[in-house]
Amino acid sequence: MTKENERGSSYRDLRGSSASDHEALNPSALRRKRLVAWRSIPESLNFIDEENEVWRTKQAQLQYTNRGRWWTSASSTVLKRWMLTFVVGMLTGFCGIFITYFTQFFTQQKFKAVRSVMEKESKGEVSAGSSFFAWCGFNLLFASFAT
């Protein structure tokens, strides 16, 4: 079997028709058949806008509804996008403030605890090097929470 025959047979097999069928030899007939099928059944999964019947219907309705109005549905969409952007920005800022506050708080608690261990170490109440291990323990604890 030659390459030309292989290509021709696989091309026909993909469309599910035989070589004798007129539609198999006429691509415009297939296109017309597809367009008729697309127009009869609204399909929201046709992602190309101009081929999507649902999108065209919605745009026609919006154009009719917004005729002669100052506040259109497009203005409403733009306002909603800006409001969402503002809310996301505020939440991001609050998250930053939250992280900064608690980072400072836990760092102060760590240094207070290590300082108290250092004072006990200088008085001889705990063994030498305990403050180093307390400092390492706090850092390991914080690193384990961070991951």
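Two residues are in contact here when their heavy atoms lie within 4.5 Å. With that in hand, let us walk through this predicted model.

Among contacts with a separation of 6 or more in the chain, 16% join residues that are 24 or more positions apart. The chain holds six helices and zero strands, so its order from the N terminus reads α-α-α-α-α-α, with helices taken as DSSP runs of at least four residues. Of the 147 residues in the chain, 9% are buried. The exposed area of the chain is about 12,600 Å², and 64% of that area is supplied by carbon and sulfur atoms.

**A nonpolar patch**

Which residues form a nonpolar patch on the surface? They are Phe-86, Val-87, Met-90, Leu-91, Phe-94 and Ile-97, and together they have about 630 Å² of accessible area. One of them, Leu-91, has its place in helix 5, which covers residues 73-123.

**Aromatic rings**

The count of aromatic pairs comes to ten. Tyr-101 and Phe-102 form an edge-to-face pair, with 5.0 Å from centre to centre and 85° between the planes. Tyr-101 and Phe-102 also belong to one aromatic cluster, whose other members are Phe-98, Phe-105, Phe-106, Phe-138 and Phe-142. How exposed is Tyr-101? Tyr-101 is partly exposed, at a relative accessible area of 49%. Phe-102 is partly exposed as well, at 31%. Both values fall in the partly exposed class because that class lies between buried, under 20%, and exposed, over 50%.

A charged side chain meets a ring too: Lys-110 lies over the face of Phe-111, and the distance to the ring centre is 4.9 Å.

**A salt bridge in helix 5**

Side chains of opposite charge can pair when their charged atoms come close. How many salt bridges does a search of the whole structure find? The search finds one. In this salt bridge the side chains of Glu-119 and Arg-115 meet, at 4.0 Å from N to O. Glu-119 and Arg-115 are four residues apart in helix 5, so about one helical turn separates them. As for exposure, Glu-119 is partly exposed, whereas Arg-115 is exposed.

Here are the relative accessible areas of the residues in the ring pair and the salt bridge:

| Residue | Relative accessible area | Class |
|---|---|---|
| Tyr-101 | 49% | partly exposed |
| Phe-102 | 31% | partly exposed |
| Glu-119 | 44% | partly exposed |
| Arg-115 | 56% | exposed |

Key. Residues numbered from 1 in each chain as written. Predicted model: local features only at pLDDT ≥ 70, side-chain atom pairs only at ≥ 80, totals over all residues. Heavy atoms only, no water. Helix = DSSP H or I, 4+ residues; strand = E, 2+ residues; numbered from the N terminus. Buried < 20%, exposed > 50% of the residue type's maximum accessible area, 1.4 Å probe, protein only. Areas by Shrake-Rupley, 256 points an atom, 1.4 Å probe, with all protein chains shown as cover. Patch = residues over 30% accessible without salt bridge, like charges linked within 9 Å, V, L, I, M, F, W, Y side chains within 5 Å. Phe/Tyr/Trp six-rings, centres within 6.5 Å; stacked < 30°, edge-to-face > 60°. Lys NZ or Arg CZ within 6 Å of the ring centre and 35° of its normal.
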